[in-house]
Amino acid sequence: MTERFGFTVNARDGRARSGVISTPRGDVRTPAFMPVGTAGTVKAMLPESVRATGADILLGNTYHLMLRPTAERIARLGGLHRFMNWDRPILTDSGGFQVMSLADLRKLTEDGVTFRSHVDGSKHHLSPERSMEIQRLLGSDIVMCFDECPALPATDEAVAKSMRLSMRWAQRSRDAFGDRPGHALFGIMQGGVNRDLREESATALKAIDFDGYAVGGLAVGEGQEAMFGVLDYAPDFLPEDKPRYLMGVGKPDDIVGAVERGIDMMDCVLPSRSGRTGQAWTPRGQVNIKNARHQDDPRPLDEGCTCPACRSYSRAYLHHVFKAQEIIASMLLTWHNLHYYQQLMQGLRDAIDAGQLAAFVAEFHARRAEGDIPPL
Ligand SMILES: [Zn+2]
């Protein structure tokens, strides 16, 4: 086990890479998918169950945890790993994105953002310095810079102004983070869908020097085509020897396309959230377990899946417990979805290692095009 944060690229196939992020809390195999543990839990899952799906790292949300139960309380109780019983790496976001999307009465200044909690209306301030302090109190292994993410579509002028503010905040985040061996600080590239602004942002971040780099400001409603359009060039502006993280992505086909374009890490609430709304992901696409076609179907969700939901339960049962609003429906569908996502990541890593990514991607799309198994 290493004492320092590090990243090694082991194989390349086209622009895709496979490798390992090493941290004192364990290794993260890349390309990696990070399940989201918003409020100190991946909803409907025990931490050991999340680990059993193959996850090496979780994401925690600064915004939610600072409001409830507060970073100071978590620190008093031994830090987030101990608090939530997950001893492997944790990445925390900076809180910036969720302040913009969830909080009330936001006021943005050069210093930071003042807002009211969506939980109880209490007033809070987040700045680069405060975000670094909160993420340190949580004990996060990978800390994200505090940034501002403009909603798209926006004018180039608005995107440029916001990006330059985020770059000033990136320097303040770096200064406030200090020297913390074993912990990493990632910068976040902004610039919307404008190539020049993306390059300007990457140049500014590289001058500050980070342990890893995120491609921010995507997956905010611009659509897959626009997102891939940015990923066709933006990752190449970032250093080869540092991990590249695409924030908030995504659907399985988004993930495959991002990995093809040189992304190493991703996170998304989709597999867990869609599990709770009766949506399952399989190699043959999306299955809506609420659909009446499943009520007499004794077959598993996915014949080839080894998760507990597919090993021991029928589509008919999953349909029933979902309709009856039983808690086990969320548990089983979330487990299945996280398992599917991690299997997909393992398949991508193996394909890159073998130099077979193009064939893997062709098979991935061909199976999805078949659609779900025909009804009985
Ligand atoms: Zn399954």
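Asp-93 makes its longer-range contacts with Leu-59, Asn-61, Thr-62 and Met-144, once residues up to four places away in sequence are set aside. In this predicted model, Asp-93 sits in the loop between β6 (90-92) and α5 (96-102). Is it buried or exposed? Asp-93 has 29 C-beta neighbours inside 10 Å, and the cut-off for burial is 20 or more, so it counts as buried.

Asp-93 also has a partner in the annotation. The unreviewed UniProt entry gives "active site" for Asp-93 and Asp-267. The two are spread over 175 residues of sequence, yet they cluster in space, with a largest C-alpha distance of 10.6 Å. Asp-267 belongs to strand β14 (residues 265-268). Asp-267 counts as buried too, because 21 C-beta neighbours lie inside 10 Å. As for what it touches, leaving out residues up to four places away in sequence, you'll find Met-34, Val-36, Leu-59, Met-247 and Gly-248. Notice Leu-59 there: it is on the contact list of Asp-93 and on that of Asp-267.

Now for the other annotation. The same kind of record, an unreviewed UniProt entry, marks a "binding site" at Asp-93, Ser-94, Gly-95, Gly-96, Phe-97, Asp-147, Gln-190 and Gly-217. So which helix holds Gly-96? Gly-96 lies in α5, the helix that follows the loop of Asp-93. Gly-96 is buried, since 26 other C-beta atoms come within 10 Å. Beyond its neighbours within four places in sequence, Gly-96 is in contact with Leu-126, Phe-146, Asp-147, Glu-148 and Cys-149. One of those, Asp-147, is itself a "binding site" position in the UniProt entry.

Gln-190 is another stop on that list. Look for Gln-190 in the loop between β11 (184-189) and α8. It is buried, because 31 other C-beta atoms sit within 10 Å. Again not counting residues up to four places away in sequence, Gln-190 touches Asp-147, Cys-149, Ser-162, Met-163, Ser-166, Ser-201, Gly-216 and Gly-217. Asp-147 and Cys-149 turn up among the contacts of Gly-96 and among those of Gln-190.

Two of the residues that Gln-190 touches, Met-163 and Ser-201, lead straight into a helix pair. Helix α7 (residues 156-177) packs with helix α8 (residues 195-208) at an angle of about 10°, their axes 10 Å apart. An angle under 35 degrees counts as roughly parallel, and α7 and α8 therefore run roughly parallel to each other. On the α7 side, the contact is made by Val-159, Ala-160, Met-163, Met-167, Ala-170, Gln-171 and Arg-174, while α8 brings Leu-197, Ser-201, Ala-204, Leu-205 and Ile-208. Sort the residues of this contact by type and you get 9 nonpolar, 2 polar and 1 charged.

Further along the chain, have a look at α14 and α15. Helix α14 (residues 327-354) has 28 residues and spans 41 Å from first C-alpha to last, close to the 40 Å expected at 1.5 Å a residue. It is mostly covered, with 20 of its 28 residues buried. Just after α14 comes Gly-355, with a positive phi of about 70°. Helix α15 (residues 357-370) has 14 residues and reaches 20 Å between its first and last C-alpha, close to the expected 20 Å. Gly-371 follows α15, and its phi is positive as well, near 80°.

Key
Residues are numbered from 1 along each chain as its sequence is written. This is a predicted model: local features need pLDDT of at least 70, side-chain atom pairs count only at pLDDT 80 or more; totals for chains, interfaces and linings use all residues. UniProt positions are given in the numbering used here, feature names are shortened, and annotations may be inferred rather than shown by experiment. Helices (H or I, at least four residues) and strands (E, at least two) are DSSP runs, numbered from the N terminus. A residue is buried if 20 or more other C-beta atoms lie within 10 Å of its own, exposed if 12 or fewer, and partly exposed in between; C-beta atoms are placed from the backbone. Two residues are in contact if their C-beta atoms, placed from the backbone, lie within 7 Å. The expected span of a helix is 1.5 Å times one less than its number of residues. Axes are lines fitted to C-alpha atoms, for helices over the stretch in contact, and angles run from 0 to 180 degrees between N-to-C directions. Angles under 35 degrees count as roughly parallel, over 145 as roughly antiparallel, 65 to 115 as roughly perpendicular and the rest as oblique. Ala, Val, Leu, Ile, Met, Phe, Trp, Tyr, Cys and Pro count as nonpolar, Asp, Glu, Lys and Arg as charged, and the others, Gly among them, as polar.
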